Amino acid sequence: MAAFLIMAAAAALLAGAYIFVLFSRALETAGMERKKKRRVISLILTLAVFACVYLFAGYAVMAIYEVFLASALLEILNIFLKRTGSSGRREKWGKIYKSGVLTLIIACAVLIYGYINVENTVVTEYSLSTDKAIPEGHMKVALVADLHAGTTFIQKEFEERCRQIQAQDPDILLLAGDIFDEGTPEPLMRSVTEALGGIDTKYGSYYVFGNHDNGVTGNNRNFNDSEITKEMTENRITVLDDKVVDVADGVALAGRKDSSFDMYRGKRKSVRELTGGVDGKDYLIVMDHQPKDLEQNAKEGADMLVSGHTHGGQLWPLGLIGSVFKFNEMTYGHENIGGMDCIVTSGIGVWGAPFRTERHSEIVVINIKQNK
């Protein structure tokens, strides 16, 4: 924790210094010649930015992120443009570049796109096959994760998403965590759960806690895990907290306690402890909010693992960076690991503020067919 706080403080200082430079450069371009005056005003504006971060949290952070990203891209572009073209063109470009106007235009355009994109929920389908016997030779799984109720959709919009899920006619609904988060109001928690419970499936609906809706990342809400479990149960949604259930003849489902519990609330069961009693002939689905222990799950005989958590990056290019540096064992999509199909969804919603500039908001439909 101490190392994290030190890194966060260092990042804040660097960000503050860069913001100060941007303001100072813009003021100089606008004609403010007195250096001392520029510095004082730039400092005041920089402090105002940090105040906005404190007051508006996710919205301000994402706006600053896009400004930084646009500014970084223009810094790279400036390296090339200031060495090419006529002196007149270089001078005009220099004024535009230093004024910060183009940075703001790009950042605003990206934020508008991100706001529109987050509301555009698509249905992403995967087709899998198995040699194991499953009911009627096929099963349709609907996967939903990372709603973060209260950040993305108002109640009517979410009810429309539930109708969208129902239109897929799923045999089973898997809710892979972070349906709620630390800022979800209690009435919304209840109404969202009721809406999800109203989705009709052949084999039921199942839920695992994520790192946000179990409250370990901070909690500004007036309900706890037990109340979520109670509400889910009353709405015919089975909560799997390190539990395994038989969902159909020949199909088992394991729901893992989120890995964040390891840090805050004691250890979760190992993959072997959780799934050791499952008949090897059963088609075993593992639901884990964070895509972890993938190879271990495959070794223990899991046929499919589903996760969320990553949001597919949410803000470009975080997903790309995450995939390269393996911040998570998977970032998005479908991979086969040791004979196990792993599917990570970008989520039906987002966290922090309703902006998404990488991937899309989605409902995942997985069609599993038995090989003949």
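**Exercise 1. Work out whether Glu231 is buried or exposed, and what its salt-bridge partner ties together.**

Step 1: Glu231 has a relative accessible area of 9%, so it counts as buried (under 20% relative accessible area is buried, over 50% exposed, partly exposed in between, with a 1.4 Å probe and protein chains only).

Step 2: Glu231 pairs with Arg190 in a salt bridge, with 2.4 Å between the closest N and O atoms (a side-chain nitrogen of Lys or Arg within 4 Å of a carboxyl oxygen of Asp or Glu).

Step 3: Glu231 sits in helix H8 (residues 225-234) and Arg190 in helix H7 (residues 186-197), so the bridge ties together parts 41 residues apart in sequence. Helices (H or I, at least four residues) and strands (E, at least two) are DSSP runs, numbered from the N terminus.

Step 4: Arg190 is partly exposed, at 31% relative accessibility.

A word on ground rules: this is a predicted model, where local features need pLDDT of at least 70 and side-chain atom pairs count only at pLDDT 80 or more, while totals for chains, interfaces and linings use all residues. Residues are numbered from 1 along each chain as its sequence is written, and side-chain values use heavy atoms, leaving out hydrogens and water.

**Exercise 2. Find which residues are linked with Arg256 in a network of salt bridges.**

Step 1: Start with Asp293, which bridges to Arg256 at 2.8 Å between the closest N and O atoms.

Step 2: Asp293 is in the loop between strand E8 (283-287) and helix H11 (294-299), and Arg256 in the loop between strand E7 (251-255) and helix H9 (261-264), so parts 37 residues apart in sequence get tied together.

Step 3: Arg256 has a relative accessible area of 2%, so it's buried.

Step 4: Add Arg268 and Asp288, and you have the network with Arg256 and Asp293. The total count is 15 salt bridges.

**Exercise 3. Say where the Arg25 and Glu75 pair sits, and how buried or exposed each partner is.**

Step 1: The closest N and O atoms of Arg25 and Glu75 are 3.3 Å apart, giving a salt bridge.

Step 2: Arg25 belongs to helix H1 (residues 2-29) and Glu75 to helix H3, so this pair, 50 residues apart, links distant parts of the chain.

Step 3: Arg25 is buried at 18% relative accessible area, whereas Glu75 is partly exposed at 23%.

Step 4: Zoom out: buried residues make up 50% of the chain's 372 residues, and its secondary structure comes to twelve helices and twelve strands.
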